[in-house]
Amino acid sequence: MSAHAVKVGAASVAAIALLVVLLVTLRGYDPGDAGAATRMDSTRSTGLISLGLAVAALLPLGVLRLVALAGAAVFLLLALGFWVGLLGGH
């Protein structure tokens, strides 16, 4: 995988992770709904981890860039899973 492709992928993952974190933060949850609060916190936490790994993948780290990008993608999928659970409310 070329360095340019890794940068584009990392920037894309970072943008999506930031969007998810912002959306879940702005959406909030109903007071007294402990399940939604947990899902919101989990979405925010995994989204921030994904964002951090994606930013790390932009640095000149050699092979570790691919590892960071793969980790960022995995944590982004987790965050999206929590977000879907938050939207579903179940």
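In helix α2, the residues tucked away from solvent are A36, R39, M40, T43, T46, G47, S50, A54 and A57. The list mixes alanines with R39, M40, two threonines, G47 and S50, and these buried residues pack against α1 and α3. All of this comes from a predicted model. As for the length of α2, its 24 residues should span 34 Å at 1.5 Å a residue, and the end C-alpha atoms do sit 34 Å apart, so the two values agree.

Stepping back to the whole chain, the protein has 3 helices and 0 strands, running α-α-α from the N terminus on. Taken along the principal axes, the C-alpha atoms fill a box of roughly 45 × 20 × 15 Å. Of the 90 residues, 31% are buried. The accessible surface adds up to about 5,200 Å², and carbon and sulfur atoms account for 76% of that. Contacts reach well along the sequence, too: among those between residues at least 6 apart, 72% join residues at least 24 apart.

Helix α3 covers residues 64-88. With 25 residues, α3 reaches 36 Å from its first C-alpha to its last, close to the 36 Å expected at 1.5 Å a residue. Buried here are R65, A68, L69, G71, A72, L76, A79, W83, G85 and L86. An α-helix has 3.6 residues a turn, so residues three or four places apart point the same way. That spacing is worth keeping in mind when reading the buried positions of α3, including A68, A72, L76 and A79. The partners of the buried α3 residues are α1 (3-27) and α2 (34-57).

How do α2 and α3 sit against each other, in terms of angle and axis distance? The two helices pack at an angle of about 160°, with their axes 8 Å apart. That angle makes α2 roughly antiparallel to α3, because anything over 145 degrees counts as such. The crossing in which α2 passes α3 is left-handed.

Helix α1 tells a similar story on length: its 25 residues should span 36 Å at 1.5 Å a residue, and its end C-alpha atoms are 36 Å apart, which agrees. The buried residues of α1 are V6, A10, V13, A14, A17, V20, V21 and V24, that is, valines and alanines. What covers them includes α2 and α3. Just past the helix, α1 is followed by G28, which has a positive phi, near 70°.

Is A15, which belongs to helix α1, buried, partly exposed or exposed? A15 has a relative accessible area of 47%, so it counts as partly exposed, while A14 is on the buried list of α1. The C-alpha atom of A15 lies 13 Å from that of L69, a residue 54 positions away along the chain. L69 itself is one of the buried residues of α3.

The loop between α2 and α3 holds L59. At 45% relative accessibility, L59 is likewise partly exposed, because the buried class needs a value under 20%. The C-alpha atoms of L59 and A10 are separated by 10.0 Å, with their places 49 residues apart along the chain. A10, for its part, is among the buried residues of α1.

Terms used:
Residues numbered from 1 in each chain as written. Predicted model: local features only at pLDDT ≥ 70, side-chain atom pairs only at ≥ 80, totals over all residues. Heavy atoms only, no water. Helix = DSSP H or I, 4+ residues; strand = E, 2+ residues; numbered from the N terminus. Buried < 20%, exposed > 50% of the residue type's maximum accessible area, 1.4 Å probe, protein only. Contact = heavy atoms within 4.5 Å. Areas by Shrake-Rupley, 256 points an atom, 1.4 Å probe, with all protein chains shown as cover. Expected span 1.5 Å × (residues − 1). Axes fitted to C-alpha atoms, helices over the stretch in contact; angles between N-to-C directions. Parallel < 35°, antiparallel > 145°, perpendicular 65-115°, else oblique. Left-handed = near helix turned anticlockwise from the far one by under 90°.
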